[in-house]
Amino acid sequence: MDLTELIRKAQEARARAYVPYSGFHVGAALLCKDGTIFSGCNIENSAYGPTNCAERTAIFKAVSEGYREFETIVIVSDSEQPTPPCGVCRQVMAEFCGPEFPVVMMGCDGSQRTASLGELLPYAFSLEK
Ligand code: THU
């Protein structure tokens with residue numbers, strides 16, 4: 001899959017990160033099954049707890065616009081190391097995506113690492129019995 005467009009959108013979103021507390025910019029671009037792309041940045045809060053990660057911003061934007069079927073997500077940050085999604089974002093991904101869902105983590109030096117959601121969150125919690 002050509003990730004060029006997704007990487008560019010994730011980088012553009014990263015530039016919009018609101019990070020007065022950590023100074024750590026994160027951007028994500030989520031590809032829907034129909035080709036639509038939703039991007040997101042992290043948005044921090046002085047109370048810390050309400051901070052929203054870039055990945056969840058992108059997913060919540062998509063779901064609130066009626067999209068629930070996703071192909072992949074690209075994550076970029078300030079770090080040279082590919083940035084893995086936090087545990088809360090993994091759980092949110094598991095709400096809408098199966099274990100095969102590919103999560104593409106990019107370092108700002110261009111390094112790239114892909115892991116499936118099943119690798120990142122084995123034994124994901126679900127209410128399904
Ligand atoms: N952050 C993300 O946006 N995504 C992640 O998966 C990891 C953490 C943000 C949250 C916070 O604004 C900053 O990075 C430092 O934790």
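Which residue in β4 is the bridge partner of I73? The partner is V103. This is a predicted model. Its five strands form an open sheet with mixed pairing, and helix α2 packs against helix α3 with axes that come within 9 Å.

**Sheet**
- The strand order is β2-β1-β3-β4-β5.
- The edges are β2 (37-41) and β5 (112-116), each of which pairs on one side only.
- On average, and with direction ignored, neighbouring strands of this sheet are turned by 20 degrees against each other.

**Strands β3 and β4**
- β3 (residues 70-77) pairs with β4 in the parallel sense, over four bridges.
- Besides the bridge from I73 to V103 in β4, V76 stands opposite M106 in β4.
- Four of the five residues of β4 (residues 102-106) are buried, so this strand is largely enclosed by the rest of the structure.

**Helix α1 and the sheet**
- Helix α1 (residues 4-14) lies across β1 (26-32), β2, β3, β4 and β5.
- Relative to β1, helix α1 runs at about 140 degrees.

**Helices α2 and α3**
- The axes of α2 (residues 54-64) and α3 (residues 87-96) cross at roughly 25 degrees.
- Because angles under 35 degrees count as roughly parallel, α2 is roughly parallel to α3.
- The crossing of α2 and α3 is left-handed.
- On the α2 side, the contact is made by E55, R56, I59, F60 and V63; on the α3 side, by V88, C89, V92, M93 and F96.
- The residues of this contact divide into eight nonpolar, two charged and no polar.

Note on methods: Residues numbered from 1 in each chain as written. Predicted model: local features only at pLDDT ≥ 70, side-chain atom pairs only at ≥ 80, totals over all residues. Heavy atoms only, no water. Axes fitted to C-alpha atoms, helices over the stretch in contact; angles between N-to-C directions. Helix = DSSP H or I, 4+ residues; strand = E, 2+ residues; numbered from the N terminus. Parallel < 35°, antiparallel > 145°, perpendicular 65-115°, else oblique. Left-handed = near helix turned anticlockwise from the far one by under 90°. Contact = heavy atoms within 4.5 Å. Nonpolar A, V, L, I, M, F, W, Y, C, P; charged D, E, K, R; others polar. Buried < 20%, exposed > 50% of the residue type's maximum accessible area, 1.4 Å probe, protein only. Pairing = 2+ DSSP bridges.
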